[in-house]
Amino acid sequence: MEKENIMIKMAWHFLVSMIRHWWAKNLGYEIFAPPAAQAFRNNKCGLCPYNEAGQCHRCHCLILSKTMMALEECPIGLWHRVWIKRKM
């Protein structure tokens, strides 16, 4: 039962994330975080006690994927969303 609940949470977070990024892209925002932000996020996650083999056991996301996306944020507040307007 616990594994099913985790899978439902993961699917929900993924769906919300994709809708947020689709919406932001249509408003002219970058969907990928800049390389420096990705490196900062990966460094923070690498030191986090919730990181178990590359998966966050707080939000159950894959850390590498989550840190790449500009509009994602850490569930315990170690890093935040990055709103960057695309250059036209």
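**Exercise 1. Decide whether Cys48 is buried or exposed, and find its nearest cysteine sulfur.**

*Solution.* Start with the surface. In this predicted model, Cys48 has a relative accessible area of 13%. The cut-off for a buried residue is under 20%, so Cys48 is buried. Next, look for a bonding partner. The search of the whole structure returns zero disulfides, and Cys48 is accordingly in none. Its nearest cysteine sulfur belongs to Cys74, 6.0 Å away. A disulfide would need two cysteine sulfur atoms within 2.5 Å.

**Exercise 2. Now do the same for Cys59: how accessible is Cys59, and how far away is the nearest cysteine sulfur?**

*Solution.* Take the accessibility again: Cys59 stands at 6% and counts as buried. Then check the sulfur atoms. The nearest cysteine sulfur is that of Cys56, at 3.7 Å. Because a disulfide is a pair of cysteine sulfur atoms within 2.5 Å, that distance does not qualify, and Cys59 is in no disulfide.

**Exercise 3. Place Cys59 and Cys56 in the largest nonpolar core, then list what Cys56 touches.**

*Solution.* First, collect the members of the core. There are seven: Cys45, Cys56, Cys59, Cys61 and Cys74, together with Ile63 and Trp79. Second, turn to Cys56 and set aside its neighbours within four places in sequence. What remains in contact with Cys56 is Tyr50, Cys61, Ile63 and Pro75. Third, look beyond this group. Another core lies apart from it, with five residues, including Ala24, Ala33, Ala37 and Leu71.

**Exercise 4. Find the enclosed space: how many cavities of 30 Å³ or more are there, and which residues are closest to the centre of the largest?**

*Solution.* A helpful reminder before you begin: rolling a probe the size of a water molecule over the atoms shows where empty space is left. The search of the whole structure turns up one cavity of 30 Å³ or more. The volume of the largest cavity is about 110 Å³. Its lining counts 13 residues, and those closest to the centre are Cys45, Cys56, Ile63, Cys74 and Pro75. Sorting the lining by class gives 10 nonpolar residues, two charged and one polar.

**Exercise 5. Describe the two largest pockets and say which helix gives the largest share of each lining.**

*Solution.* Begin with the largest pocket, at about 260 Å³. Among its lining residues are Met10, Phe14, Met18, Leu62 and Met69. Both α1 (2-26) and α3 (63-68) supply at least two residues of this lining, and the largest share, five residues, is from α1. By class, the lining holds six nonpolar, four polar and two charged residues.

Move on to the second largest pocket, with a volume of about 170 Å³. Trp12, Arg20, Cys59, Glu73 and Arg81 are among the residues that line it. Here too α1 gives the largest share, with five residues. The class count is five nonpolar, two polar and five charged residues.

To finish, compare the two lists: His13, Ser17, Cys61, Lys66 and Glu72 appear in both linings.

**Exercise 6. Locate Lys85 and find which residues Lys85 contacts.**

*Solution.* Lys85 sits in the segment after α3. Now weigh sequence against space: Lys85 and Lys25 are 60 residues apart along the chain, yet their C-alpha atoms are 9.2 Å apart. Finally, with neighbours within four places in sequence left aside, Lys85 is in contact with Leu27, Gly28 and Tyr29.

Technical notes
Residues numbered from 1 in each chain as written. Predicted model: local features only at pLDDT ≥ 70, side-chain atom pairs only at ≥ 80, totals over all residues. Heavy atoms only, no water. 1 Å grid on protein atoms, 1.4 Å probe; cavity = no way out; pocket = protein on both sides within 12 Å on 5 of 7 lines; lining within 4 Å. Points joined across faces, edges and corners; volume = space filled by probe spheres on them. Nonpolar A, V, L, I, M, F, W, Y, C, P; charged D, E, K, R; others polar. Helix = DSSP H or I, 4+ residues; strand = E, 2+ residues; numbered from the N terminus. Buried < 20%, exposed > 50% of the residue type's maximum accessible area, 1.4 Å probe, protein only. Core = buried A, V, L, I, M, F, W, Y, C linked by side-chain atoms within 4.5 Å. Contact = heavy atoms within 4.5 Å.
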